[in-house]
Amino acid sequence: MNWMILPLKRALDFGGRSRRMEFWMFVLFSVLVGVGAAILDLMLGYGASAAHSGAGGYDAWVETRGPVGLISSLLLVVPQLAVSVRRLHDINRTGWWLLLLLLPLVGWLVLLVFYVTEGTRGQNRFGPDPTPSPQVAAEP
């Protein structure tokens, strides 16, 4: 649970490095918050509604975001940007690589590869390695 909350504690910290675990646990946290917000919005009367299409004879779902989902998204956007920048720093890339999000599909796939890539071992230009080094047992 600490991995999910850590990016919230470092929400305005765009420097340093973040491990893959921190990044992906925050992605999971964001998805869980989004699902919870969607459920609350549905309970409040917002959210998805069905509209019947006469020509095809099928139901088309039209999604609308309610106030809980909108507020939760707005609260999580800055921490998500910060942890994304720190994750790129861990593989020795600048945060400017996030501009690849402006390129549909290709840019997203490149960033996905960056996010799953193992970080630079040891110090890089963005700071020390966030992965703790294994403790070597002292011999007697």
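A search of the whole predicted model turns up seven salt bridges. Let us begin with these charged pairs and then move on to the overall layout, the nonpolar interior and a greasy stretch of the surface.

**Charged pairs**

In general, side chains of opposite charge can pair when their charged atoms come close. Three of the pairs in this protein are set out below.

| Pair | Closest N to O distance |
|---|---|
| R17 and D129 | 3.9 Å |
| R86 and E22 | 3.1 Å |
| R121 and E118 | 2.7 Å |

Take the pair of R17 and D129, whose side chains meet in a salt bridge. R17 sits in the loop between α1 (2-9) and α2, while D129 belongs to the segment after α4, so this pair ties together parts that are 112 residues apart in sequence. How do the two partners compare in their exposure to the surroundings, buried or partly exposed? R17 has a relative accessible area of 5% and is buried, whereas D129 has 26% and is partly exposed.

Next come R86 and E22, another pair joined by a salt bridge between their side chains. R86 is found in helix α3 and E22 in helix α2, so the bridge links parts that are 64 residues apart in sequence. With a relative accessible area of 0%, R86 is buried. E22 is buried as well, at 3%. Because buried means under 20% relative accessible area, R86 at 0% and E22 at 3% both qualify. These two residues also take part in a wider arrangement: R10, D13, E22 and R86 are linked in a network of salt bridges.

The pair of R121 and E118 has another setting. R121 lies in the segment after α4 and is exposed, with a relative accessible area of 66%. Its partner E118 is partly exposed, at 42%. The side chains of R121 and E118 are also listed as a polar contact, at 2.7 Å. Along the chain, R121 and D90 are 31 residues apart, and their C-alpha atoms are separated by 8.8 Å.

**Overall layout**

The protein's secondary structure consists of four helices and two strands. Read from the N terminus on, these elements follow the order α-α-β-β-α-α. Of the 140 residues in the protein, 27% are buried. The accessible surface comes to about 9300 Å², and carbon and sulfur atoms account for 69% of that area. How much of the contact pattern joins residues at least 24 apart? Among contacts between residues at least 6 apart in sequence, the share is 62%.

**The nonpolar core**

As a general background, nonpolar side chains in soluble globular proteins tend to be buried together. Here the largest nonpolar core has 14 residues, and F26, F29, L88, L98, L111, F114 and Y115 touch the most other members. The elements that supply two or more residues to this core are α2 (20-43), α3 and α4. Which of the elements gives the most to this core? That is α3, with four residues.

L98 shows how one core member meets its surroundings. Leaving aside residues up to four places away in sequence, L98 touches L81, S84, V85, L88, L111 and Y115.

One of those neighbours, S84, deserves a closer look. S84 is in helix α3 and counts as buried, at 6% relative accessibility. Which residues does S84 touch, not counting those up to four places away in sequence? They are F23, L98 and Y115. The side chain of S84 also reaches the backbone oxygen of Q80, at 2.8 Å.

**A nonpolar patch on the surface**

Nonpolar side chains also appear on the outside of this protein. W24, L101, L105, V106, W108, L109, L112 and V116 form a nonpolar patch on the surface, and together they have about 770 Å² of accessible area. Which helix gives the most to the nonpolar patch? Helix α4 (residues 106-116) does, with five residues.

L105 is one of the patch members, and its place is in the loop between α3 (67-90) and α4. Is L105 buried or exposed? L105 has 55% relative accessibility and therefore counts as exposed.

Terms used. Residues are numbered from 1 along each chain as its sequence is written. This is a predicted model: local features need pLDDT of at least 70, side-chain atom pairs count only at pLDDT 80 or more; totals for chains, interfaces and linings use all residues. Side-chain values use heavy atoms; hydrogens and water are left out. Patches are made of residues with over 30% relative accessible area and no salt bridge: like charges are joined within 9 Å, nonpolar side chains (Val, Leu, Ile, Met, Phe, Trp, Tyr) within 5 Å. Accessible areas come from the Shrake-Rupley method with a 1.4 Å probe; for residues, only the protein chains shown count as cover. A salt bridge is a side-chain nitrogen of Lys or Arg within 4 Å of a carboxyl oxygen of Asp or Glu. Buried means under 20% relative accessible area, exposed over 50%, partly exposed in between (1.4 Å probe, protein chains only). A nonpolar core is a set of buried Ala, Val, Leu, Ile, Met, Phe, Trp, Tyr and Cys residues joined through side-chain atoms within 4.5 Å. Contact means heavy atoms within 4.5 Å. A polar contact is a pair of N or O atoms within 3.5 Å; within protein, one must be able to donate a hydrogen and the other to accept it, and residues adjacent in sequence count only if both atoms are side-chain atoms.
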